Amino acid sequence: MEPLHFSFIIPVYNRPEEIRELLESFTKLQGNFDYTVCIVEDGSSISSESVIADFANQLHISYHVKENSGPGDSRNYGMARAKGNYFIILDSDVLLPNDYLQVVSKKLSDTYTDCFGGPDAAHTSFSKLQKAINFAMTSFITTGGIRGGKDSEKFQPRSFNMGLSKKAFEASGGFGTIHPGEDPDLSLRLINLGFKSQLIKNAYVYHKRRISWSKFFQQVYKFGLVRPILNTWHPKSERLIFWLPSLFIVGFLLSLVLFVFHINWLLYLYMLYMAVAFVMAFFSSKNLIIAILAVMAIFVQFFGYGYGFLKSTMAIKILKEDPQVKFPKLFFKHVQ
């Protein structure tokens with residue numbers, strides 16, 4: 001294996017202060033690593049150029065400006081121009097722990113794969129809502145299980161924290177134009193090409209989601225819309241677990257109907273589930289408010305994802321509609 005030279009690929013859209021926080025975390029990385037940071041301004045109306053200039057003497061940064069074509073295409077744009085032979089793809093709303101590169105470099109030296117993913121975590125400085133949503137998105141009792149947490153050669157990374165070799169990028173062509181869903185689509189295509197992946201459990205990032213309840217609902221709703229499309233493109237990836245949020249909301253509505261007729265056992269099961277989630281969130285956060293918000297976030301998560309999944313399944317699987325015609329907002333155009 002040739003020596004690894006890392007290039008971080010970071011698309012940004014109208015979030016210069018996020019880039020400032022992320023670049024600040026780069027300056028605190030431990031270890032003597034020669035790496036570059038590639039920032040791709042994806043058609044922003046609020047430029048990050050002045051922020052990047054503040055770090056020009058501390059980091060090796062390349063800065064590219066292009067018209068808006070979505071995060072997937074912007075990552076491809078950056079990887080095609082980056083100098084490294086191994087790319088690490090980050091969202092602009094993450095922060096790096098001090099030992100991030102040490103963990104990644106050691107793991108790839110011990111067990112090399114052309115692709116890897118790492119988990120996300122909540123920093124102590126995050127708001128209560130951010131911590132609650134992080135719990136909902138990562139816990140194994142929610143759709144964190146759908147996102148994947150098993151360490152295997154077929155692990156499907158998510159692009160907020162994802163590694164990809166130059167060889168794998170060139171063989172696959174990188175990300176497609178669907179968004180969200182561009183990361184599992186790429187992961188599945190890499191697996192089909194014979195590339196191996198892995199979860200590096202200790203290579204986590206702090207994922208600072210700038211989000212409200214309405215934005216969170218829209219995010220998970222889109223996740224639900226995308227999954228049946230991916231299942232159509234990659235039939236072998238289809239799993240019963242993807243139906244879990246939809247079954248959750250149908251069951252919950254049924255429990256309310258049964259409750260009217262004095263049949264209470266199903267509603268009690270939901271109450272037990274939420275009690276377990278509350279306890280887990282409380283012991284994880286040591287905060288009562290965060291635990292309450294986490295239970296609310298789980299409901300929003302399941303209802304948003306489940307509704308989107310059912311709507312897309314009806315359109316794509318049953319009515320056989322064209323995904324790009326039915327859901328045009330899920331697809332970006334490609335920019336050379």
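Let us start at P180, which sits in the loop that joins α7 (166–172) to α8 (182–192). This is a predicted model, and in it the peptide bond running from H179 to P180 is cis, with an omega near -5°. That is worth a pause, because most peptide bonds are trans, just as most residues other than glycine have a negative phi.

The second half of that remark leads us to two lysines. K286 has a phi near 60°, a positive value in a residue other than glycine. You will find K286 in the loop between α11 and α12. Is K286 buried or exposed? K286 is exposed, with a relative accessible area of 63%. Now move along to K320, where phi is again positive, near 60°, and the residue is again not a glycine. K320 belongs to the loop between α12 and α13 (323–326). With a relative accessible area of 65%, K320 is over the 50% cut-off, so K320 counts as exposed.

Between those loops runs helix α12, which covers residues 288–318, and it makes a good guide for the next part of the tour. Two packed helices are described by the angle between their axes and the distance between the axes. Let us apply that to two partners of α12.

Take α11 to begin with, the helix of residues 265–285. The axes of α11 and α12 come within 8 Å and cross at roughly 130°. How do α11 and α12 lie to each other? An angle of 115 to 145 degrees falls outside the roughly perpendicular and roughly antiparallel ranges, and therefore α11 and α12 are oblique to each other. Their crossing is right-handed. On the α11 side, the contact is made by Y273, M274, A277, F278, A281, F282 and S285. These meet L288, I290, A291, I292, A294, V295, I298, F299 and F302 in α12. Sorted by class, the residues of this contact are 15 nonpolar and one polar, with no charged residues.

While we are at α11, have a look at W265, which also lies in this helix. W265 is exposed, and its relative accessible area is 54%. Ten residues away in sequence is S255, and the C-alpha atoms of W265 and S255 are 8.1 Å apart in space.

The other partner is α5, made of residues 128–138. Helix α5 packs with α12 at an angle of about 50°, and the two axes are 8 Å apart. That angle makes α5 oblique to α12. The crossing of α5 and α12 is right-handed. Which residues make the contact? From α5 come K128, L129, K131, A132, I133, F135, A136 and M137, and from α12 come I289, I290, L293, A294, A297, I298 and Q301. By class, the contact of α5 with α12 has twelve nonpolar residues, one polar and two charged. Readers who compare the two lists will spot I290, A294 and I298 in the contact with α11 and also in the contact with α5.

Further along α12 we come to S312. S312 has 0% relative accessibility and so counts as buried. What is S312 in contact with, once its neighbours within four places in sequence are left aside? The contacts are G224, L225, P228, I229, K317 and F327.

Now let us travel to helix α1 (residues 16–26), where L22 has its place. L22 is buried, at 1% relative accessibility. Apart from residues up to four places away in sequence, L22 touches I10, L90, D91, S92, V94, L95 and L96. One of these, S92, is 70 residues from L22 along the chain, and their C-alpha atoms are separated by 6.9 Å.

We can finish with the cysteines. How many disulfides does a search of the whole structure find? The search finds zero. C38 is in no disulfide, and the nearest cysteine sulfur to that of C38 belongs to C115, 18 Å away. A disulfide needs two cysteine sulfur atoms within 2.5 Å, so the pair does not qualify at 18 Å. Likewise, C115 is in no disulfide, with the sulfur of C38 as its nearest cysteine sulfur. C38 is buried, at a relative accessible area of 1%, and C115 is buried as well, at 3%.

Definitions and conventions:
Residues numbered from 1 in each chain as written. Predicted model: local features only at pLDDT ≥ 70, side-chain atom pairs only at ≥ 80, totals over all residues. Heavy atoms only, no water. Buried < 20%, exposed > 50% of the residue type's maximum accessible area, 1.4 Å probe, protein only. Helix = DSSP H or I, 4+ residues; strand = E, 2+ residues; numbered from the N terminus. Contact = heavy atoms within 4.5 Å. Axes fitted to C-alpha atoms, helices over the stretch in contact; angles between N-to-C directions. Parallel < 35°, antiparallel > 145°, perpendicular 65-115°, else oblique. Left-handed = near helix turned anticlockwise from the far one by under 90°. Nonpolar A, V, L, I, M, F, W, Y, C, P; charged D, E, K, R; others polar.
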